[in-house]
Amino acid sequence: MSDEFLSRSPEETMEYARRFASDLRPGETVSLCGQLGAGKTVFMRGITEVFNCDDQLSSPTFSLLNIYHGSLKGEDVTLHHFDLYRIKTVKELAATGFDEYLSGAYLAVVEWGDRFPEFADRYTVTVTLEHAGDDLRRITIKRTGG
Ligand SMILES: Nc1ncnc2c1ncn2[C@@H]1O[C@H](COP(=O)(O)OP(=O)(O)O)[C@@H](O)[C@H]1O
Ligand SMILES: [Mg+2]
């Protein structure tokens with residue numbers, strides 16, 4: 001899988017996300033970065049499809065953490081999905097039990113992971129989406145520590 005992809009539609013972003021998710025190993029932690037409207041949530045939807053997740057149980061209003069239950073090759077898997085957009089301080093984030101949730105699932109995906117450099121070393125891979133005009137989005141995948 002290449003490190004950079006130019007998506008022309010939400011559908012292409014989802015398709016790319018599905019391929020990305022299929023390559024992930026258990027225990028990975030993904031930092032999902034990009035400005036508002038870049039497509040982070042669209043990308044996440046591609047990931048949850050691969051794991052056959054139930055529809056999101058929580059309301060569409062803001063929540064810091066969504067827990068999805070799905071399956072992979074017949075095995076039950078749990079996904080933790082954070083959106084850090086409204087978290088203001090690292091103290092506030094730490095108080096949510098963020099660190100434990102990061103490692104307690106088959107896969108953890110953190111939207112706005114780059115807002116808190118204090119946790120940068122927790123991620124195994126960073127996905128960045130950037131506006132590239134109209135419906136174009138540049139998607140960059142970078143393997144990190146973790
Ligand atoms: N190539 C593309 N990839 C992803 N989203 C796109 C693309 N082109 C247009 N869009 C639109 O951009 C918006 C992305 O929204 P969303 O995924 O919620 O962004 P974020 O979570 O990064 O704030 C959606 O309305 C989507 O339909
Ligand atoms: Mg979002």
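Select helix H1 (residues 10-22) and turn to the face that points away from its buried side, where the exposed residues Glu11 and Ser22 sit; exposed here stands for 12 or fewer other C-beta atoms within 10 Å of a residue's own, buried for 20 or more, and partly exposed for the range in between, with C-beta atoms placed from the backbone. The model is a predicted one, in which local features need pLDDT of at least 70 and side-chain atom pairs count only at pLDDT 80 or more, while totals for chains, interfaces and linings use all residues. Residues are numbered from 1 along each chain as its sequence is written, and chains are lettered from A and ligands numbered from 1 in the order in which they are written.

Next, rotate H1 and select Thr13, Tyr16, Ala17, Phe20 and Ala21, which are its buried residues. Looking down the axis of H1, you will find them within an arc of 135 degrees, so they line one face of the helix; the arc is taken over the directions from the helix axis to the C-beta atoms. What do the buried residues of H1 pack against? They pack against E1, helix H2 (40-50) and strand E7 (137-143), contact being a distance within 7 Å between C-beta atoms placed from the backbone.

Now show the strands alone. Seven of them form an open sheet in the order E1-E7-E6-E2-E5-E4-E3, with mixed pairing; strands pair if DSSP finds at least two bridges between them, and the elements themselves are DSSP runs numbered from the N terminus, helices being H or I of at least four residues and strands E of at least two. Strand E1 (4-7) and strand E3 (65-72) are the edges, and each has a single partner strand, so one side of each is left without a neighbour in the sheet.

Within the sheet, select strand E2 (residues 28-33) and strand E5 (residues 107-111), which run parallel and are joined by five bridges. For one pair of bridge partners, pick valine 30 and look across to valine 109 in E5.

Finally, zoom out to the whole protein, which has four helices and seven strands, running β-α-β-α-β-β-α-α-β-β-β from the N terminus on. Its C-alpha trace spans about 40 × 35 × 35 Å along the principal axes. If you colour by burial, 30% of the 146 residues count as buried. Among contacts between residues at least 6 apart in sequence, 65% join residues at least 24 apart.

Notes
Expected span 1.5 Å × (residues − 1). Contact = placed C-beta atoms within 7 Å.
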